[in-house]
Amino acid sequence: MAMTGENHLANLPDTVSEQAIYWFALLLDGSETEEDRRAFARWVEADAAHLEAFGEIERLWSGSTSLNLSTGNKVGRRAFMTGTAAALVISAGWAFSPRHPFADIRTVTGERHSFSLPGGVEAELASDTVMSYVSRDGINGVELHSGEAWFNHSATGNAFFVAAAHGASWSWGGRLDVAAYDGGVTVIAEQNPLIVRVGGAQTQVAAGNAVRYRDVQIGRPYEVDLSAELAWRNGQLVFMGRPLGEVVRVLQRWQNGKIMIIGEELKSRPVTLVVDLERSKDVLPVLARVLSINVHRFTDYLTVIRAA
């Protein structure tokens with residue numbers, strides 16, 4: 001059974017360096033949960049030596065990219081978690097398999113990619129998105145493994161669907177946006193209504209509305225500000241009174257490295273902000289001045305935000 005949150009803290013290796021390797025491996029592939037992130041924040045906050053040890057592992061990792069990372073040298077997250085790969089990190093470098101290695105389309109962090117799907121459906125993928133072509137009952141669609149994608153099939157006149165997690169969004173013309181992060185899925189009907197089916201339930205989403213689902217639970221549709229929600233397609237991120245924790249979570253999708261916020265109160269602080277995605281790395285210093293918070297860019301891999 002996979003460990004989460006407090007279980008991580010209770011089962012950490014004995015030495016600080018081994019603990020740092022454990023956390024580095026956990027956070028590296030991007031599959032950690034919010035509970036994992038909170039547990040890591042508590043570990044960082046517990047002792048200044050923890051952050052220093054984590055940075056040392058990051059420096060070793062950065063240096064390892066010049067080494068030979070042949071298939072035979074691959075070391076997976078599981079090996080890290082059991083502590084058997086620590087020596088290889090230091091002496092030989094390592095690589096990890098990408099998520100969904102057999103997916104048809106993917107973007108890297110910070111990239112947006114526009115293209116046409118088979119059948120003429122226009123698509124645009126946001127940063128760090130992974131997607132595959134699929135079909136159901138003779139209807140062509142896609143499966144969004146992770147990330148966010150926008151689709152326009154108003155000109156095709158055919159049915160189209162986007163499967164994500166435990167559900168699927170069905171459209172019969174128009175434009176829609178689907179985002180799949182941290183086990184939850186958000187579907188926006190930009191133009192024309194659509195049907196979202198999750199488990200044995202389904203709901204209709206009117207144009208200009210969105211709906212969220214997680215596992216087999218689906219919420220009620222709600223109205224959204226389309227210009228703000230889809231601003232990423234124009235190279236911007238727009239936040240209007242959103243909690244800092246949510247702002248940081250979205251920023252992380254567009255740039256490499258982890259951003260950790262220490263303190264639940266700080267995470268809930270409201271932020272109104274427009275981010276130019278070409279300059280997203282400049283955002284945190286600006287936030288530090290405006291919100292009077294401390295932003296410590298510890299390494300290329302980790303930035304820590306604390307209350308001033």
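Which residues does Val-196 touch, not counting residues up to four places away in sequence? The first close-up takes that up; the model shown throughout is a predicted one.

**Figure 1. Val-196 and the residues around it in the predicted model.** Val-196 sits in strand β10, which covers residues 194–198. Leaving aside residues up to four places away in sequence, Val-196 touches Ala-168, Ser-169, Val-187, Ala-201, Gln-202, Thr-203, Val-205, Val-211, Tyr-213 and Ile-218. Is Val-196 buried or exposed? Its relative accessibility is 0%, so Val-196 counts as buried. For a distance to look at in this view, take Arg-212: it is 16 residues away from Val-196 along the chain, and the two C-alpha atoms are separated by 9.5 Å.

**Figure 2. The whole chain, for orientation.** Here we pull back for a moment. The chain carries 10 helices and 19 strands. Of its 308 residues, 46% count as buried. Looking at contacts with a separation of 6 or more, 50% come from residues 24 or more positions apart. The accessible surface adds up to about 15,300 Å², and carbon and sulfur atoms own 48% of that. There are 7 salt bridges in the count, and the next views pick out some of them.

**Figure 3. The salt bridge between Arg-112 and Glu-124.** The two side chains meet with N and O 3.6 Å apart. Arg-112 belongs to the loop between β1 (105–106) and β2 (113–116), while Glu-124 is in strand β3 (residues 122–125), so this pair ties together parts that are 12 residues apart in sequence. What about exposure? Arg-112 counts as partly exposed at 33% relative accessibility, whereas Glu-124 is buried, with a relative accessible area of 6%. Since under 20% is the cut-off for buried, Glu-124 falls on that side of it and Arg-112 does not.

**Figure 4. Arg-175 and Glu-190, a salt bridge from strand to strand.** The closest N and O atoms of this pair are 3.3 Å apart. Arg-175 is in strand β8 (residues 175–181) and Glu-190 is in strand β9 (residues 184–191), so the bridge ties together parts that are 15 residues apart in sequence. With a relative accessible area of 24%, Arg-175 is partly exposed.

**Figure 5. Arg-242 and Glu-229, a salt bridge between a strand and a helix.** The N to O distance for this pair is 4.0 Å. Which elements does the bridge link? Arg-242 is part of strand β15 (residues 236–243) and Glu-229 is part of helix α7 (residues 226–229), so the parts tied together are 13 residues apart in sequence. Both partners are partly exposed: Arg-242 has a relative accessible area of 24%, and Glu-229 has 31%. Elsewhere, salt bridges that share partners join Arg-112, Glu-124 and Arg-233 into one network.

**Figure 6. Inside the second largest pocket.** This pocket holds about 760 Å³ of space. It is lined by 30 residues, and those nearest its centre are Thr-186, Arg-242, Glu-246, Val-250 and Arg-253. Elements giving two or more residues to the lining are α3, β8, β9, β12 (209–214), α7, β15 and α8 (244–252). Which of them provides the largest share? That is β15, with 5 residues.

**Figure 7. Helix α8, one of the elements lining that pocket.** Helix α8 is mostly covered, with 7 of its 9 residues buried. The buried ones are Leu-244, Gly-245, Val-247, Val-248, Val-250, Leu-251 and Gln-252. Val-250 turns up again here, as one of the residues nearest the pocket centre.

**Figure 8. Helix α3 and its buried residues.** This helix covers residues 34–46, which makes 13 residues. From first C-alpha to last it reaches 19 Å, close to the 18 Å expected at 1.5 Å a residue. Buried in α3 are Asp-36, Arg-37, Ala-39, Phe-40, Ala-41, Trp-43 and Val-44.

**Figure 9. His-50 in helix α4, touching Trp-43 and Val-44.** Helix α4 spans residues 48–64 and includes His-50. His-50 is buried, with a relative accessible area of 10%. Not counting residues up to four places away in sequence, His-50 touches Val-16, Gln-19, Trp-43 and Val-44. Ser-17 is 33 residues away from His-50 in sequence, yet their C-alpha atoms are 8.0 Å apart in space.

Note on methods. Residues are numbered from 1 along each chain as its sequence is written. This is a predicted model: local features need pLDDT of at least 70, side-chain atom pairs count only at pLDDT 80 or more; totals for chains, interfaces and linings use all residues. Side-chain values use heavy atoms; hydrogens and water are left out. Helices (H or I, at least four residues) and strands (E, at least two) are DSSP runs, numbered from the N terminus. Buried means under 20% relative accessible area, exposed over 50%, partly exposed in between (1.4 Å probe, protein chains only). Contact means heavy atoms within 4.5 Å. Accessible areas come from the Shrake-Rupley method with a 1.4 Å probe; for residues, only the protein chains shown count as cover. The expected span of a helix is 1.5 Å times one less than its number of residues. On a 1 Å grid over the protein atoms alone, a cavity is a set of points where a 1.4 Å probe fits but cannot get out, and a pocket is an open set with protein on both sides within 12 Å along at least five of seven lines; lining residues have an atom within 4 Å of a point. Grid points are joined across faces, edges and corners, and a volume is the space filled by probe spheres set on the points.
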